[in-house]
Amino acid sequence: MCGRLAIGLPNDSNSLTMEPVLIVGGGVSGLSTAYYLSQAGISSVLFEKTKRLGGLIQTDLIQDCRLEAGPDSYLAAKPAIKELAHDLPALESQIIGSNDAARRVFVAHAGRLVPLPAGMVMMAPGRWPPILRSDLFTARTKTRLLQEIFRKPKQRTEDVSVGEFVEDHFGSEVLELIAAPLLSGVYGGDTAALSAASVLPRFVAYEAKYGSLIRGARRELRQKKKREPLFQSFRDGMQVLTDSLARAAAGRVSVVHAEISQIKRSGSVWQVKAGEQTLSSPDLVLACPAHACARLLEGPATPLAEELSAIPYSSAILVTLVYERAALGHPLDGFGFLVPARER
């Protein structure tokens with residue numbers, strides 16, 4: 001019998017033994033794992049190499065400004081955090097939505113900022129008048145968009161790249177000006193290497209059902225009786241999420257603030273060495289980046305370590321600037337801007 005190893009949350013917590021589960025990583029994944037195990041009556045030991053829990057999620061209060069050192073929101077359309085917040089009543093009351101009435105996005109184009117046409121559903125036009133009046137697109141691209149609505153449903157037998165998918169429907173200008181900077185910023189990758197099925201599943205489904213992505217996006221907009229904010233966050237910052245998880249799991253989780261130096265497997269038991277401690281359990285959860293998992297599993301699970309080490313990662317830098325509001329003669333009616341590669 002081999003010890004159980006999960007990269008992320010175990011699929012069936014009820015199948016675990018009643019011995020403490022060892023969890024490596026004190027970010028949102030590790031804390032969620034500890035929380036759900038505690039709900040099932042299972043204890044855990046959580047290893048975190050830094051002095052704080054929360055991982056990349058961190059909210060700082062500096063000069064009465066609440067600043068996010070990591071993610072500042074989550075997509076409202078994805079239900080996982082809402083479901084978690086429902087389980088934690090104090091968290092549910094903290095949820096706030098983005099101010100979509102002021103959600104103007106700009107595109108750096110020919111050395112100036114041009115507003116993205118109103119009503120866009122990512123790169124698909126939700127309304128025609130703003131598109132046709134926009135200075136962002138050439139007449140050729142506008143004609144291409146009008147023609148796209150006549151496409152017939154298409155079932156793809158193989159996945160294609162995001163770049164190929166978007167260009168097939170809308171042409172190179174929409175890809176270069178909107179899709180590439182938007183999706184590269186989110187996923188940290190080249191649209192020629194990103195999977196359309198993984199990154200744009202909703203639009204792949206539109207293609208299969210309607211043929212036209214524009215018709216699919218417009219129909220979805222009409223069917224929504226009340227439009228939710230695109231993004232949601234928490235009134236006191238995103239760290240409320242990880243702090244709430246840590247408090248909720250506290251009764252059944254022991255936290256060890258030490259870096260893992262070695263993981264070994266002996267029969268059906270995993271042995272984890274951290275600092276001067278070595279703990280053992282039949283069940284181990286690795287809730288840390290793939291490259292960190294790969295390093296830890298080089299000995300006990302070499303084939304898995306090789307697969308994990310092949311997963312590419314991109315770096316990101318977050319810079320926060322704070323200004324005196326009274327010194328800015330601008331309505332601040334925008335969410336930011338996209339910079340296509342051609343704009344350098």
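Me: A salt bridge is a side-chain nitrogen of Lys or Arg within 4 Å of a carboxyl oxygen of Asp or Glu. In this predicted model, what makes the contact between glutamate 220 and arginine 202 a salt bridge?

Reply: The side chains of glutamate 220 and arginine 202 meet with N and O 2.8 Å apart, and since that value is within 4 Å, the pair counts as a salt bridge. Glutamate 220 is in helix H10 (residues 213-223) and arginine 202 in helix H9, so that the pair links distant parts of the chain, 18 residues apart.

Me: Which residues are joined into one network by salt bridges that share partners?

Reply: The network consists of Arg151, Arg156, Asp168 and Glu207, while a search of the whole structure finds seven salt bridges.

Me: How do you know that aspartate 168 forms a salt bridge with arginine 156?

Reply: The closest N and O atoms of aspartate 168 and arginine 156 are 3.0 Å apart, which is within the 4 Å limit, and therefore the pair qualifies. Aspartate 168 sits in helix H6 (residues 162-170) and arginine 156 in the loop between helix H5 (139-148) and H6, twelve residues apart.

Me: Why are aspartate 168 and arginine 156 called partly exposed?

Reply: Partly exposed lies between two limits, under 20% for buried and over 50% for exposed. Aspartate 168 has a relative accessible area of 26% and arginine 156 has 25%, so each of these values falls between the limits.

Me: What makes glutamate 207 a partner of arginine 156, and which parts of the chain does this pair tie together?

Reply: The closest N and O atoms of glutamate 207 and arginine 156 are 2.8 Å apart, and this is within 4 Å, so a salt bridge is counted here too. Glutamate 207 lies in helix H9 (residues 201-210) and arginine 156 in the loop between H5 and H6, so the pair ties together parts that are 51 residues apart in sequence.

Me: Why is glutamate 207 called buried?

Reply: Its relative accessible area is 1%, and because buried means under 20%, glutamate 207 meets the definition.

Me: Why is tyrosine 323 called exposed, and of which surface patch is Tyr323 a part?

Reply: Tyrosine 323 has a relative accessible area of 57%, which is over 50%, so the word exposed applies. Tyrosine 323 is found in the loop between helix H13 (302-309) and strand E18 (336-338), and together with Ile317, Val319, Leu321, Leu328 and Leu332 it makes a nonpolar surface patch of about 690 Å².

Me: Is aspartate 236 buried, partly exposed or exposed, and how do you know?

Reply: Aspartate 236 has 36% relative accessibility, and as this is neither under 20% nor over 50%, it is therefore called partly exposed. Aspartate 236 lies in the loop between E12 and H11.

Me: Which residues does aspartate 236 touch, leaving aside its neighbours within four places in sequence?

Reply: Aspartate 236 is in contact with Thr59, Arg66 and Gln94.

Me: Which residues of helix H11 are buried, and what do they pack against?

Reply: In helix H11 (residues 239-249), the buried residues are Gln239, Val240, Leu241, Thr242, Ser244, Leu245 and Ala249. The elements they pack against include helix H1 (28-39), strand E4 (59-62) and strand E13 (253-256). For the chain as a whole, 41% of the 344 residues count as buried.

Methods:
Residues are numbered from 1 along each chain as its sequence is written. This is a predicted model: local features need pLDDT of at least 70, side-chain atom pairs count only at pLDDT 80 or more; totals for chains, interfaces and linings use all residues. Side-chain values use heavy atoms; hydrogens and water are left out. Buried means under 20% relative accessible area, exposed over 50%, partly exposed in between (1.4 Å probe, protein chains only). Patches are made of residues with over 30% relative accessible area and no salt bridge: like charges are joined within 9 Å, nonpolar side chains (Val, Leu, Ile, Met, Phe, Trp, Tyr) within 5 Å. Accessible areas come from the Shrake-Rupley method with a 1.4 Å probe; for residues, only the protein chains shown count as cover. Helices (H or I, at least four residues) and strands (E, at least two) are DSSP runs, numbered from the N terminus. Contact means heavy atoms within 4.5 Å.
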